[in-house]
Number of protein chains: 2
Amino acid sequence: MAIGERYEGIVSAACGVIARRGFHQASTREIARAAGLSLAGLYHYVGEKDELLFLVLDRSLDRLVADLDRNLAEARTPEDRLLALIRTHLDFGFHHAHALRIINRDHELLAEPRRSEIAAKRQAYLQRGLTILRDLDPHRRSEDELFSATNLLLGMLNGIATRPFLRSLDDARGLAAEVGALFLYGFLERSAGAEREVRSAVRRSA
Amino acid sequence: MAIGERYEGIVSAACGVIARRGFHQASTREIARAAGLSLAGLYHYVGEKDELLFLVLDRSLDRLVADLDRNLAEARTPEDRLLALIRTHLDFGFHHAHALRIINRDHELLAEPRRSEIAAKRQAYLQRGLTILRDLDPHRRSEDELFSATNLLLGMLNGIATRPFLRSLDDARGLAAEVGALFLYGFLERSAGAEREVRSAVRRSA
DNA sequence: TAGGGCTGACCGAACGATCGTTCAGGCGGG
DNA sequence: CCCGCCTGAACGATCGTTCGGTCAGCCCTA
């Protein structure tokens, strides 16, 4: 067995166990068993339990951002860039469901300074979304509004990507088209008057 | 102290501790301390730790659905009903941030049969959203598409309601207007041709 | 009305299990 | 012989849960 192979096996075993049980419920003994090692053997490669979570998060976020950048490079219009983000996210959710689940559920459980390092990578991903929406925005929205909109978009994506909606890659692509159409139209086509109307309806029903 | 008062104090103490630490990291000792009881005193009122999570989830979901039904009763058009759902969810997120966090993060951690009982209440809430969207839909979407759209909507709402975006009730109302305008327009106004175009763009970039 | 017994509220202390982590040592190839 | 790879066994801490006991208040009867 090659030298790094064990290490990769440990990371992917940790990913599976943590995703299924949650970080604090995933014992180091179970991760070691899943990796085909004894408990002490696992600690030969890893310093502490936190490092396992960090490894999973770090590698997954690197891969997610790399996927996004690769897909963004091919997109020429702002619309295409938004669709590339959506497709990247849902594809990632299909191919790495465990990793995405951990990214969304367990990212706050790290201790410093690893927590900040992961938060920065999450922030970098969100920043790409925010930039895309700013380029796309025909309404001169404020940064706060763009930030909200970015979180709305990512919330939509995580809401469906985390749950077992994606049974096939075609499902992911179909859902990407749905999300793209829905969000794009809502984001682009609403008129200022229409939003005022909705806003007053919200206030009226209070 | 009235008889039920202690019980309410225990439930709200559990809500606070579980929201902040996560269910499995929230020890019964810490919950007892937050409730002003000894550990054994807590177990005088509660059979097991699972029951604490169940109590928080059960009461919170009951309140959320009741809020929704109350606000839906005043809404007359399908649009108003959608806006009522959005406003209810964000208001709940503002007033009961701890509870909403637990609903979204810890709802799978219960053992049977309590898990199924809570799942049914979550399902009832989602079902109301699905019914609203079906009444609103001008495109004769399939049940699967409506189900996806409902989850997209709730994903958006949870994405912003769980995080500390809602600093004031006005924030919640403003965000409700934003979400309402964005989702309503995306859901209503897209044309079938436009979605085909988006779909082919997604496929093209694959 | 005095007093004995019952009940619910609550506590200190401990139970066994499991947790993350460590350590001394065996084993096999250079 | 040495050095990575790996193990069994144990460490102390913390977990959920239980047990025996205290104390105040209420009911019942003499």
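Which helices of chain A and chain B each supply at least two residues of the surface near DNA strand D? That was my starting point, bearing in mind that this is a predicted model.

**DNA strand D**

I found helix H1 (3-21) and helix H3 (39-45) on the chain A side. From chain B, helix H2 (28-35) and helix H3 (39-45) do the same job of supplying at least two residues each. H3(A) gives the most, with four residues.

Next I looked up who comes nearest. Of the 16 residues around the strand, chain A has A:Ser38, A:Ala40 and A:Gly41 in the nearest group, and chain B has B:Glu48 and B:Lys49. By class I noted seven nonpolar, five polar and four charged residues on this surface.

**Cis peptide bonds**

I went through the peptide bonds and stopped at A:Glu112 to A:Pro113, which is cis with omega near 5°. A:Pro113 sits in the loop between helix H6 (97-105) and helix H7 (114-136) of chain A.

Chain B went into the notebook too: B:Glu112 and B:Pro113 are joined by a cis bond, omega about 5°. I placed B:Pro113 in the loop between helix H6 (97-105) and helix H7 (114-136) of chain B.

**Positive phi**

A:Arg140 caught my eye: not a glycine, yet its phi is positive, about 50°. I located A:Arg140 in the loop between H7 and helix H8 (143-161) of chain A. Is A:Arg140 buried or exposed? A:Arg140 has 7 other C-beta atoms within 10 Å, so I wrote it down as exposed.

B:Arg140 also has a positive phi of about 50° without being a glycine, and lies in the loop between H7 and helix H8 (143-161) of chain B. I counted B:Arg140 as exposed because 7 other C-beta atoms lie within 10 Å.

Notes: Residues numbered from 1 in each chain as written. Chains lettered and ligands numbered in written order. Predicted model: local features only at pLDDT ≥ 70, side-chain atom pairs only at ≥ 80, totals over all residues. Near = placed C-beta within 6 Å. Nonpolar A, V, L, I, M, F, W, Y, C, P; charged D, E, K, R; others polar. Buried ≥ 20, exposed ≤ 12 C-beta atoms within 10 Å, placed from the backbone.
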